[in-house]
Amino acid sequence: MSDNIVEINNLSFGYPGRMLHKGINMSFPRGKVVAIMGGSGSGKTTLLRLIGGQLKPTKGKVVVDGAVVHEQDRQGLYQLRRKMGMLFQQGALFTDLTVFENVAFPMREHTDLPESMIRDLVLLKLNAVGLRGARDLKPTQLSGGMARRVALARAVALDPDIIMYDEPFAGLDPISMGVICNLIRTLNDALGATSIVVTHDVHESFQLVDYVYFVSEGVVVAEGTPDELRKSTMPFVHQFVLGEVDGPVPFHYAAPDYKQDMLRGNNV
Amino acid sequence: MFNQLAEVLRSLGHRIIDRVWRLGAGARFFIYTLIYSGESFKRIHLTIREIYFTGVLSLIIVLVSAFFVGMVLALQGYNTLQKYGSSEAIGVLVALSLVRELGPVVTALLFAGRAGTAITAEIGLMKATEQLSAMEMMAVSPIARVVAPRFWAGVISMPLLAALFSMVGILGGYLVAVPLIGVDEGAFWSQMQASVDFREDIVNGVIKSTVFGVACTMIALFEGFDAPPTAEGVSRATTRTVVNSSLAVLGLDFVLTSFMISA
């Protein structure tokens, strides 16, 4: 058994003329919480989809627990996914089911447990995220932070080995953010899982994670522990950590010369 | 000049290829739905739930429409038939029009508007809010869990709705013809009984509405599944569901009728 539960080797993904990833290497050691950081549109979420096998890499490979993801047939892929839990950015709760049924969903689909045991397990998971009392609500009745906690309870319903978080802090108030931050750590350690957190939130995630990969322009530009990165003198890391407007990542999207553009008149 | 012509040809080719591609994608989707149906039959309660949503909740619009269609048929039919002195044949006219044509066709059109749009919008929004993606990541096939139960619910509901449509339509026709206009009640029912054939009329009607059920539900499901995950995408998909289902129903009706009459 390798020490790394997920390994990304020389991974490229994209379309001819617009490659999103250009040879990415990452490894995720068992038991750790690892962040993938980068600006909006740098393909972080796509990386999660590649790990989950929802997309096939153009080149390179993703290895999950010894198995190459894109070489699996449907059966194998579903087998791998049972080891994964994923928290989607908007929660992606099933709107036609209650909170209880949402958390019970993976258990009912994948196990033959009796209903009484499912009830106990669901309440256990809901209690862990502090929402045992909200079990009969519909997802539309929940606030953003609560919805994400329910989604988290659902993601860990089958005690996965790998938990993936897609922007877990986006759009949350500071209290909910702190709650989620705590949960990521405690769930990871309690389940003995490995967490992959895709985020652009430097402040919260630096307190939380063990290791960080910075992605920009399709490659890993920097990596290290939060402490190492705080001290980094690399211009990109410096700009990102401090949130400066201009730097290696330009403020402007690629455009022709401003003056020429304005003088051209209506000839778009 | 040459450039403009090339541009026209190119866009024409693009549209044709796009249509053919969608047709192929739709066919593949249909086959997948059939393959995954076995998995969804194991959880029959999902299909039953969908029969409630697509079938039972469509009852009101279908039955009310049927009642009025039947009444209008009787009025129009009587108006013409009495010129030839055969107003007793009104029962036959109402029953045959409903069982052979109007029952299956109008039910399918109403179904496309009432249930088809709901299916498309629901699946489109499930896709837009990543619910289908989440299901995939939980190693549950959305086709088995979401698509197949809705498909079979539609296929089962449609002939039942069409049968109820015909029944209520005949009732509406009866109320206009007999108590209102004063056609002889015995002639109304006995001529109907003598002229409506079980195999030729009723079974053919059921075959038609089953085919319409497959077409309407499949179009609604595919449009929802294929919709771009945006507000605009879902709204366009919903419109396409109504337009494509209606055209498919009318086109298929012609094909089926020509086979049934020549047979």
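The legends below accompany close-up views of chains A and B in a predicted model.

**View 1. The open sheet of chain A is built from four strands.** The strands of this sheet follow the order β2-β1-β4-β5, and their pairing is antiparallel. Strands β2 (18–29) and β5 (67–68) of chain A occupy the edges; each has a single partner strand, so one side of each is left without a neighbour in the sheet.

**View 2. Strands β1 and β4 of chain A are joined by five bridges.** Strand β1 comprises residues 4–15 and strand β4 residues 59–64, and the two run antiparallel. A:Glu7 is placed opposite A:Val63, a residue of β4(A).

**View 3. Helix α1 of chain A lies across three strands, namely β1, β2 and β4 of chain A.** The helix covers residues 44–51 and runs at about 120° to β1(A).

**View 4. A:Asp159 adopts a positive phi in a loop of chain A.** The phi angle of A:Asp159 is about 50°, although the residue is not a glycine. The loop in question connects α5 (144–155) with β7 (162–166) of chain A. A:Asp159 has 15 C-beta neighbours inside 10 Å and therefore counts as partly exposed.

**View 5. Chain B contains nine helices and zero strands.** From the N terminus on, its elements accordingly read α-α-α-α-α-α-α-α-α. The C-alpha trace of chain B spans about 65 × 60 × 35 Å along its principal axes. Chain B has 263 residues, of which 43% count as buried. When contacts in chain B between residues at least 6 apart in sequence are considered, 86% join residues at least 24 apart.

**View 6. Helix α4 of chain B is kinked.** The kink in this helix (residues 90–128) amounts to about 55° and is centred on B:Leu98. Of the 39 residues of α4(B), 28 are buried, so the helix is largely enclosed by the rest of the structure.

**View 7. B:Glu130 has a positive phi just after α4(B).** Its phi angle is about 65°, although B:Glu130 is not a glycine. The residue is situated in the loop between α4 and α5 (131–137) of chain B. B:Glu130 counts as buried because it has 20 C-beta neighbours inside 10 Å, and a residue is classed as buried if 20 or more other C-beta atoms lie within 10 Å of its own.

Conventions:
Residues are numbered from 1 along each chain as its sequence is written. Chains are lettered from A and ligands numbered from 1 in the order in which they are written. This is a predicted model: local features need pLDDT of at least 70, side-chain atom pairs count only at pLDDT 80 or more; totals for chains, interfaces and linings use all residues. Two strands pair if DSSP finds at least two bridges between them. Two residues are in contact if their C-beta atoms, placed from the backbone, lie within 7 Å. Axes are lines fitted to C-alpha atoms, for helices over the stretch in contact, and angles run from 0 to 180 degrees between N-to-C directions. The bend at a residue is the angle between axes fitted to the seven residues ending there and the seven starting there. A residue is buried if 20 or more other C-beta atoms lie within 10 Å of its own, exposed if 12 or fewer, and partly exposed in between; C-beta atoms are placed from the backbone.
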